[in-house]
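Here is a short report on a protein with its ligands. Look at the picture first, then read on.

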Amino acid sequence: MTDRTDARPWVPADPTPDSLREALQGCRGCELHADATQAVPGRGTFDARLLLLGEQPGDQEDRQGAPFVGPAGRVLVDALDEAGVDRSDVYVTNTVKHFRWRSGGGKRRIHQSPGRAHVEACRPWLDAELSLLRPVGAVLLGGTAGKALYGSTFRVGEARSVLRDWPEKYPVAHPPAWVLATLHPSAVLRADPADRQDLYAGLVADLRLAATTLKDADPS
Ligand code: URA
Ligand code: SF4
């Protein structure tokens, strides 16, 4: 990216869930909008007690306009259910709102991870979502979400599976009481078939920690 623009000019000053959703489609904060079908907003109630943060939309999400509706989403839903996370109590969104891809020949679109500049450019959307959310906990799905919050030295392989504090460097109105990093569900799909079961079990175990920590915080 040559110009150092970001999403701020497009983000409503005093956002509501509806105004955010609407304004997001007009964003030209970085060049990723140009090759994508649409921007993909977060999904779920803003009252959710759990925030799930992914990387960016994939091919299916780009077509359908909702996060985690493709193959990685199926892994995620299965893992959430198996871990006992109440999906109606989750708000799920991505660090970057447009799909970054390169051509794989013909109609094939190959996922490309967003660069640091894309993450920075898109952050005002996440800030706006966070200004409306009051989550008790946050689960970071993979390295991009982790780096967006904790900086470029964050390594999900080392940092996963333990509860940590919301980063001081990233002030938000209602920071979650804890943050848990885990594998991105796509890592399960990309893994060698022989390793898939173990990786999936690890994802479920991390999500189970999120579910039990949420239950412990339950006032009822
Ligand atoms: N991967 C992500 O990080 N987010 C999605 O929405 C889909 C796949
Ligand atoms: Fe705007 Fe984010 Fe899309 Fe870039 S990726 S155009 S900053 S919504």
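## Ligand 1 and its pocket

Ligand 1 takes up the space of the largest pocket. Keep in mind that this model is predicted. Which residues are around ligand 1? Start with a run in the sequence: Gly54, Glu55, Gln56, Pro57 and Gly58. Glu61, Pro67 and Phe68 are also around the ligand, and Asn94 and His184 complete the list.

Sort this shell by class. It has 3 nonpolar, 5 polar and 2 charged residues. Glu55 and Glu61 are the charged ones. Pro57, Pro67 and Phe68 are nonpolar.

## Polar contacts of ligand 1

Now look at single atoms. Gln56 brings a backbone N or O atom to 3.0 Å from a nitrogen atom of ligand 1. Phe68 also uses its backbone: one of its N or O atoms lies 2.9 Å from an oxygen atom of the ligand. Although Phe68 counts as nonpolar, the contact involves a backbone atom.

His184 uses its side chain instead. An N or O atom there is 2.7 Å from an oxygen atom of ligand 1. How much of ligand 1 does the protein cover? On its own, the ligand has 240 Å² of accessible area, and the protein covers 95% of it.

## Ligand 2 and its cavity

Turn to the other site. Ligand 2 takes up the space of the largest cavity. Its surroundings include Ala7, Leu24, Cys27, Gly29, Cys30 and His33. Val96, Lys97 and His98 are there too, as are Ala121, Cys122 and Trp125.

Which helix gives the most to this shell? Helix 4, residues 116–132, does so with 3 residues. By class, the shell around ligand 2 has 8 nonpolar, 3 polar and 1 charged residues. Lys97 is the charged one.

## An aromatic pair

Rings can pair up as well. The count comes to 3 aromatic pairs. One of them joins Phe46 and Tyr91: the ring centres are 4.7 Å apart and the planes meet at 45 degrees, so the pair is tilted. The angle is neither under 30 degrees, as for stacked rings, nor over 60, as for edge-to-face rings.

Where do the two residues sit? Phe46 is in the loop between helix 1 (17–24) and strand 1 (50–54). Tyr91 belongs to strand 2, residues 90–94. The two are 45 residues apart, and the pair links distant parts of the chain.

Definitions and conventions. Residues numbered from 1 in each chain as written. Chains lettered and ligands numbered in written order. Predicted model: local features only at pLDDT ≥ 70, side-chain atom pairs only at ≥ 80, totals over all residues. Heavy atoms only, no water. Near = heavy atom within 4 Å. Polar contact = N/O pair within 3.5 Å; in protein donor to acceptor, adjacent residues only side chain to side chain. Areas by Shrake-Rupley, 256 points an atom, 1.4 Å probe, with all protein chains shown as cover. 1 Å grid on protein atoms, 1.4 Å probe; cavity = no way out; pocket = protein on both sides within 12 Å on 5 of 7 lines; lining within 4 Å. Sits in = over half its atoms within 2 Å of the grid points. Phe/Tyr/Trp six-rings, centres within 6.5 Å; stacked < 30°, edge-to-face > 60°. Helix = DSSP H or I, 4+ residues; strand = E, 2+ residues; numbered from the N terminus.
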